[in-house]
2 protein chains.
Amino acid sequence: MPLLTTAKAAEEAGVGRETLRFYEREGLIEKPIRGNSGYRQYPPETIARVRFIRRAKELGFTLNEIKDLLDLSDPPNAECAQFRAHAKSKIEDIRSKIGKLRKVERALSSLVDTCERSGTPRKCPILDALED
Amino acid sequence: MPLLTTAKAAEEAGVGRETLRFYEREGLIEKPIRGNSGYRQYPPETIARVRFIRRAKELGFTLNEIKDLLDLSDPPNAECAQFRAHAKSKIEDIRSKIGKLRKVERALSSLVDTCERSGTPRKCPILDALED
DNA sequence: CTTGACCTTGTAGTATACTACAGGGTGTAG
DNA sequence: CTACACCCTGTAGTATACTACAAGGTCAAG
């Protein structure tokens, strides 16, 4: 059974029913086909897409950024060179984000270390983590 | 000259004047001392803190999460064991975030690779990047 | 063939994080 | 001592991302 009703699709994707409608309005997912009654019928691809959106949001991407990311794979990617440039800049953004997160992680680890050695830190390593 | 007026502090920190007032209201930064005229006078530590807030926000942390992160270093961290547990759970969160970002990065890289080899991808690797 | 769980639409409300006034005081340069 | 740029407060508006109705239609069970 590939097609799901709103309630089931929402549950499968891990979001609220209204969120699906909201994503539809915002163009983040395709408009689902409708049955005779006008009820929405969601295909599994849309569920996968919504799951991705949910997780990407947890990673701190905005809906616009997520749309961008998703558009990199499905649309008429006419110009390969243009696509590559776009994708590569996204990759750079993500790498820089990873690098900064690692710095915060290291700062927190150093706080835990200091604490385990019963020393009181002189200066906060967290603030320094994201300096230029 | 350690103390800065609102406009200068905002410029130094890379935010708007009103944002400093907002962060003050929300308890994200200390209330600055005031001159005779009632004008705010920001110390450099506050500027550093606001810079951290700005960058952490770019990494996808909410203001509440950032407050939490900052509270891990400056407050009366009475119970070391409790502090360690809290910090370690934050570290785990960040590590998991880094792992997921790496998956998205790899998915994008594979899209670029496919494109460079002039092949059209059968299935979108981005959607799969954040599956369970 | 009624009941109740589901669906539809449009619209309004919430939380987060600012951002922009209005109305008034301050401080310094010429 | 008058501009004018800056500061103050309180309040209202914006963008993002939902979330919750209200009013009504659909459908499957008993």
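Helices (H or I, at least four residues) and strands (E, at least two) are DSSP runs, numbered from the N terminus. In this predicted model, helix H2 (17-25) of chain A and helix H1 (6-13) of chain B each supply at least two residues of the surface near DNA strand D, where a residue is near a strand if one of its heavy atoms lies within 4 Å of it. The model being predicted, local features need pLDDT of at least 70 and side-chain atom pairs count only at pLDDT 80 or more, whereas totals for chains, interfaces and linings use all residues. Residues are numbered from 1 along each chain as its sequence is written, chains are lettered from A and ligands numbered from 1 in the order in which they are written, and side-chain values use heavy atoms, with hydrogens and water left out.

**Relation of the two protein chains**

- A turn of 180° with a shift of 0.0 Å along the axis lays chain B on chain A with an RMSD of 0.1 Å, the copies being superposed by least squares on the C-alpha atoms of residues with pLDDT of at least 70 in both.
- This is the relation of a two-fold axis.
- Within chain B, B:Gly60 has the C-alpha nearest the axis, at 1.8 Å from it.
- The same surface serves both copies, as 100% of the contact residues of chain B recur in chain A (contact means heavy atoms within 4.5 Å).

**Surroundings of DNA strand D**

- DNA strand D is surrounded by 18 residues, the closest being A:Tyr23, A:Ser37, A:Tyr39, A:Leu63 and B:Arg40.
- H2(A) gives the most to this surface, with 5 residues.
- The surface near DNA strand D is made up of 6 nonpolar, 6 polar and 6 charged residues; Ala, Val, Leu, Ile, Met, Phe, Trp, Tyr, Cys and Pro count as nonpolar, Asp, Glu, Lys and Arg as charged, and the others, Gly among them, as polar.
- Sugar or phosphate accounts for 65% of the atoms of DNA strand D within 4 Å of the protein, and bases for the rest.
- An N or O atom in the side chain of A:Tyr23 lies 2.7 Å from a phosphate oxygen of DNA strand D, and a polar side-chain atom of A:Ser37 is 3.2 Å from a phosphate oxygen of this strand.
- A:Tyr39 addresses a base: an N or O atom in its side chain is 2.6 Å from a base nitrogen of DNA strand D.

**Surroundings of DNA strand C**

- Around DNA strand C there are 18 residues, of which A:Arg21, A:Arg40, B:Tyr23, B:Ser37 and B:Tyr39 come nearest.
- Helix H1 (6-13) of chain A and helix H2 (17-25) of chain B each supply at least two residues of the surface near DNA strand C, and H2(B) provides the largest share, 5 residues.
- This surface divides into 6 nonpolar, 6 polar and 6 charged residues.
- Of the atoms of DNA strand C within 4 Å of the protein, sugar or phosphate holds 67%, the rest belonging to bases.
- Phosphate oxygens of DNA strand C lie 3.1 Å from a polar side-chain atom of A:Thr5, 3.3 Å from an N or O atom in the side chain of B:Ser37 and 2.8 Å from a backbone N or O atom of B:Leu63.

**Internal cavity**

- The count comes to 1 cavity of 30 Å³ or more, a cavity being a set of points, on a 1 Å grid over the protein atoms alone, where a 1.4 Å probe fits but cannot get out.
- The largest cavity holds about 30 Å³ of space, its volume being the space filled by probe spheres set on the points.
- Its lining consists of A:Leu127, A:Leu130, A:Glu131, B:Ala48, B:Arg51, B:Phe52 and B:Arg55, lining residues having an atom within 4 Å of a point.
- Helix H3 (residues 44-58) of chain B contributes the largest share of this lining, 4 residues.
- The lining of the largest cavity comprises 4 nonpolar, no polar and 3 charged residues.

Technical notes
A polar contact is a pair of N or O atoms within 3.5 Å; within protein, one must be able to donate a hydrogen and the other to accept it, and residues adjacent in sequence count only if both atoms are side-chain atoms. On a 1 Å grid over the protein atoms alone, a cavity is a set of points where a 1.4 Å probe fits but cannot get out, and a pocket is an open set with protein on both sides within 12 Å along at least five of seven lines; lining residues have an atom within 4 Å of a point.
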